[in-house]
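Here is a short report on the packing, one sheet and two backbone outliers of a protein chain. Look through the structure, then read on.

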Amino acid sequence: GYYLNEEKYDDGDDYWYYADGDGELYAGEIKTIKGKKYAFDGYGRMIDGMVFLQMAKKDNDRPDYGTIVTKFADDGAVPYDTEDNFDDFVEYYKDEISAGIINSYYFGDADDGAMKTGRQTVEIDGDSFTFKFKDSSSSKGVGIHGEDDHKLYNAGKLIEANSDDKYKVVVYKEDNGVVTMTKMDTDEFIDRYCGAADDSDEDETVWTVDAEEAKGVKLYLVNTSGSMVKNKSAAKDGEDYKFEVDNYEIKSVTLEN
């Protein structure tokens with residue numbers, strides 16, 4: 001242990017390792033062992049918890065999901081140890097995440113370490129969040145990035161409104177395969193994507209989405225379960241703004257005077 005990592009040895013930390021039949025440690029790779037997948041860092045230590053991993057590239061520049069180049073520390077140069085830091089990490093590495101070179105994974109706790117797939121509850125900085133990870137193909141275990149079953153996932157983390165907001169605007173953009181999703185407050189959304197208010201009705205003020213401003217993006221509305229609203233004429237958020245949604249696209253916002 002001293003020669004593998006002197007600092008960790010001096011701290012008294014211990015880790016799980018796995019050696020093959022010739023005594024060689026698995027290191028820097030994801031391996032299937034007795035029907036379950038496990039990840040091992042460059043020292044051969046089993047990886048646990050929710051992590052971001054950078055994968056190697058094949059000759060065609062596509063990701064090699066079995067070979068780990070880097071395990072990012074959650075408190076590293078670009079941390080992801082809080083909800084805000086997680087979102088900032090995804091924004092910072094959006095190109096690599098969209099390309100599948102950097103991915104989120106969840107390997108359970110330190111006593112488990114087995115790769116988790118499908119819908120999972122993951123704790124970040126003491127708070128619980130819903131995640132979804134791919135459950136098949138060579139990218140099994142990778143956090144879903146983008147839309148899946150009419151829900152939006154940011155590197156695996158479900159985008160949803162909190163109980164106070166009731167509904168939340170999500171600006172979805174895909175540019176040359178790079179996906180970005182941004183949650184936005186209603187006032188900010190109106191200022192950015194709507195034209196001048198229609199004050200013709202003294203009982204309410206209506207802002208209509210400006211097609212030119214919204215060009216190249218999709219404007220979605222999600223509820224507290226993370227589901228994208230498909231059709232609704234008066235989805236009222238926590239600040240009493242009412243959204244009109246048609247075929248998943250926000251069309252206008254109304255506020256009673």
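Contact here means heavy atoms within 4.5 Å. The model is predicted.

**Cores**

By that contact criterion, Tyr105 touches Ile30, Gly49, Met50, Val51, Leu53, Met55, Tyr65, Met115, Phe133, Lys140, Gly141 and Val142; residues up to four places away in sequence are not counted. Tyr105 also belongs to the largest nonpolar core, which has 29 residues. Together with Phe52 and Phe86, Tyr105 touches the most other members of this core.

Which elements give two or more residues to this core? They are strand 3 (50-57), strand 4 (63-72), helix 2 (83-92), strand 5 (102-106), strand 6 (118-124) and strand 7 (127-133). Strand 3 supplies the largest share, five residues. A second core is separate and holds 21 residues, including Met184, Phe189, Tyr241 and Val253. In soluble globular proteins, nonpolar side chains tend to be buried together.

**A four-stranded sheet**

One open sheet has four strands in the order 13-17-16-15. The pairing is antiparallel. Strand 13 (204-208) and strand 15 (232-236) are the edge strands, each pairing on one side only. On average, neighbouring strands are turned by 25° against each other, direction ignored.

Strand 16 (residues 241-246) and strand 17 (residues 249-256) run antiparallel and are joined by six bridges. Within this sheet, Glu244 has Ser252 in strand 17 as its bridge partner. Helix 4 (residues 186-193) packs on the sheet. Helix 4 touches strand 13, strand 16 and strand 17, and its direction makes about 55° with that of strand 16.

**Positive phi outside glycine**

Most residues other than glycine have a negative phi. Two residues depart from this pattern: Asp61 and Ser137.

| Residue | Phi | Loop | Relative accessible area |
|---|---|---|---|
| Asp61 | about 70° | between strand 3 and strand 4 | 54% |
| Ser137 | about 75° | between strand 7 and strand 8 (146-148) | 54% |

Are these two sites buried or exposed? The cut-off for exposed is over 50% relative accessible area. Asp61 has 54%, so Asp61 is exposed. Ser137 has 54%, so Ser137 is exposed as well. Asp61 sits in the loop between strand 3 and strand 4, and both of those strands give two or more residues to the largest core. The loop with Ser137 lies between strand 7 and strand 8; strand 7 also gives two or more residues to that core.

Note on methods
Residues are numbered from 1 along each chain as its sequence is written. This is a predicted model: local features need pLDDT of at least 70, side-chain atom pairs count only at pLDDT 80 or more; totals for chains, interfaces and linings use all residues. Side-chain values use heavy atoms; hydrogens and water are left out. A nonpolar core is a set of buried Ala, Val, Leu, Ile, Met, Phe, Trp, Tyr and Cys residues joined through side-chain atoms within 4.5 Å. Buried means under 20% relative accessible area, exposed over 50%, partly exposed in between (1.4 Å probe, protein chains only). Two strands pair if DSSP finds at least two bridges between them. Axes are lines fitted to C-alpha atoms, for helices over the stretch in contact, and angles run from 0 to 180 degrees between N-to-C directions.
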